[in-house]
Amino acid sequence: MTARSRYRVLALLGLLAGAAAAAEAQDTTRGVRLGLQYRPGIQPGVVVLPVGGPEGDSIRAIISRDLENGDRLRVIALDDSPGARTGVPNYALFARLGAAGLVQATRTASGIHVALHDVAAGRVVEVEDFPLRAAGLSRDWRWGVHGVSDAIEQWITGTPGIAQTRIAFVRGASLFVVDSDGAGEVSIPTVAAPLSPAWNPAGSLLAYNTYGVDSRVVVHDLASGRSRAVSSTRGGVNQTPVFAPDGRTLVYAHACEDCDGSDLYSVGIDGQSQARRLTVGRGSINVSPTYRPDGRRLAFTSSRAGSPQVYIMDADGTNPELLTTFVFGEASYQSNPDWSPDGRLVAYQSQIAGRFQIKTINLGDRTSRQWTSDGANEDPSWAPNGRHLVFTSTRTGTRQLWILDTETGRSRQLTRTAGARLPAWSRRQLAGR
Amino acid sequence: MNRLARFAVVALSLVSVVALDGCRRRPAPTTAPPVNQDSIDAADRARRDALEAERLRMAREDSIRRANEGAGPVDSRDLMGIIMEPVYFDYDDSALRGDAARALDEKLPILLSNTGLVIRIAGHTDERGSSEYNLALGQRRAASAKRYLVERGVADRRITTISYGEERPVALGEGEMAWSQNRRAEFEVLSGGGNLVRPRP
């Protein structure tokens, strides 16, 4: 056991003790719980104290918004800080404001020093130094601050946040990547108009497909900027790539020039190997695959029984079965599955009254749940925490990306420029920190 | 049994027999008279479908005859227009409708008389449905149109197919008016389009 993890255990014990002490004085009717014990469905109040030094205001704003976006903490906004930036805070005052925790960040020569205070216990429970070497306010710099937010969320809730993640999407004929808070949007050069981006597990590669003439699946290396075609099937349509959890192969859909259907194929990402067919669609359309996190099963859209539905099968193409339920003879259209990172749920889109809505289906008892009803909502993609979903919505009149928290039902708008669609949420560990 | 309903069925059957006689002599339907409204509706639908199928068949024969008689296009430009005429599809379907088969039948003699003509068929869909599924559906529509022509003698290598799915609509907006125009296969001449020869009878 390292010194660092020993410290964490001690801090955790202190945290639990503080929570137990605070639990007795809780007033649940106001929705405010004191103590730093995190329980799902309860949002402890947190104050992010003003940060001095260069870019201090930006650091405070980014961390506050990240914690708010995580939907597990309630950030208490203060116009004027009732406590010093350094030294011992006035715990009693923060307790009266409903704060269970205080985040105290200070600039250092190499980055940020962060201390987390347990208000109920009246003491510091975590400290850490985070390097922040990139130029102030740059994309890489913001990336570093998102990492600080995720560490703070882990201290308080036991699970890291999702601030330091990115979402790839298509707008017009271009591919974009945006930070989880909607900032830092950059366009990624593509060989032709792209569709259906997908991340590799390490976050270092983006796969997408081109369409029309010479449709192919392309893998783009974010660090080097190089790209290569990996689909070995020629002609027709090659689309909807998805990386296997081991990151070495990907599965995509190919509709050959003269055939009726579209089948799923597996191919190595080196661009040298020959694709292997997985589905036997017999003229039906099979597209939009997604892996179970263990890599042993795939969910996908298929028209094999008439209207498009979501099916699951073993990763080698055997044992296909219908996942979404539908009534034979009724117009029903369910597609675009995305398997949750914890493996329990599959998110998909279901046509209701002529418009797509986001649904999830529980793989345990096969019960489904509808999450949206306003506008048309499509293309769901899970956050790495298996709790948030990013999707396309027309609820404001233009097509934008939105993020839904499946615990609270809360949603927030991610993009502000019209036409965004086909989002793909990265996993947590990204290259190029 | 309801006397009135039975009368209605018999009356309808008579109407359909008369209507069919109007264009072509056929044996009268031999099904027993149905007894409920659903059956009446079904009979009515069947009658309309039969008439429509007959009308389409005759129209196709006419267009083939016209094409063979050389009574149609007079210059290259008209021939090109016929080649490039899009064909349309039903929702989430790649089967060729009567009007689509007719449009393809008009292209057929031109393709057969101009063996240097190389075309590309691009399949498109309306905006409904998943855009990923639609890319595959567009391919299926293009393949469906190609198969029709190849099965009637056009060399396979003279026709390539691609799909744009729902990415390139010709009509914008919601509603069947726009959607029906977007569910199409488009025809593009890749080579051999200059100095087209008029099909001979």
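Reader: What makes up the area that chain A and chain B bury between them, and how is it defined?
Author: In this predicted model, chain A and chain B bury about 2400 Å² between them, 48% of it on carbon and sulfur atoms. Buried area is the accessible area, taken with a 1.4 Å probe, that two parts lose on being put together, summed over both. The contact (heavy atoms within 4.5 Å) takes 36 residues from chain A and 28 residues from chain B.

Reader: Why is the pair Lys146(B) and Asp258(A) called a salt bridge?
Author: A salt bridge is a side-chain nitrogen of Lys or Arg within 4 Å of a carboxyl oxygen of Asp or Glu. The closest N and O atoms of Lys146(B) and Asp258(A) are 2.8 Å apart, and the pair therefore fits the rule of within 4 Å.

Reader: What makes Asp260(A) and Arg147(B) a salt bridge, and where do these residues lie?
Author: Their closest N and O atoms are 3.2 Å apart, and this pair crosses between chains, from Asp260(A) in the loop between β14 (249-255) and β15 (263-268) of chain A to Arg147(B) in helix α5 of chain B. Helices (H or I, at least four residues) and strands (E, at least two) are DSSP runs, numbered from the N terminus. Across the interface of chain A and chain B the rule finds four salt bridges, while the structure holds 31 over all chains.

Reader: Why are α4(B) and α5(B) called oblique to each other?
Author: Helix α4 (residues 98-113) and helix α5 (residues 131-151) of chain B pack at an angle of about 50°, with axes 10 Å apart. Axes are lines fitted to C-alpha atoms, for helices over the stretch in contact, and angles run from 0 to 180 degrees between N-to-C directions. Angles under 35 degrees count as roughly parallel, over 145 as roughly antiparallel, 65 to 115 as roughly perpendicular and the rest as oblique, and α4(B) and α5(B) are therefore oblique.

Reader: What else describes how α2(A) and α4(A) meet?
Author: The axes of α2 (residues 56-69) and α4 (residues 139-157) of chain A come within 9 Å and cross at roughly 50°, and the two helices are therefore oblique to each other.

Reader: How are the residues and values to be read?
Author: Residues are numbered from 1 along each chain as its sequence is written, and chains are lettered from A and ligands numbered from 1 in the order in which they are written. Local features need pLDDT of at least 70 and side-chain atom pairs count only at pLDDT 80 or more, whereas totals for chains, interfaces and linings use all residues, and side-chain values use heavy atoms, with hydrogens and water left out.
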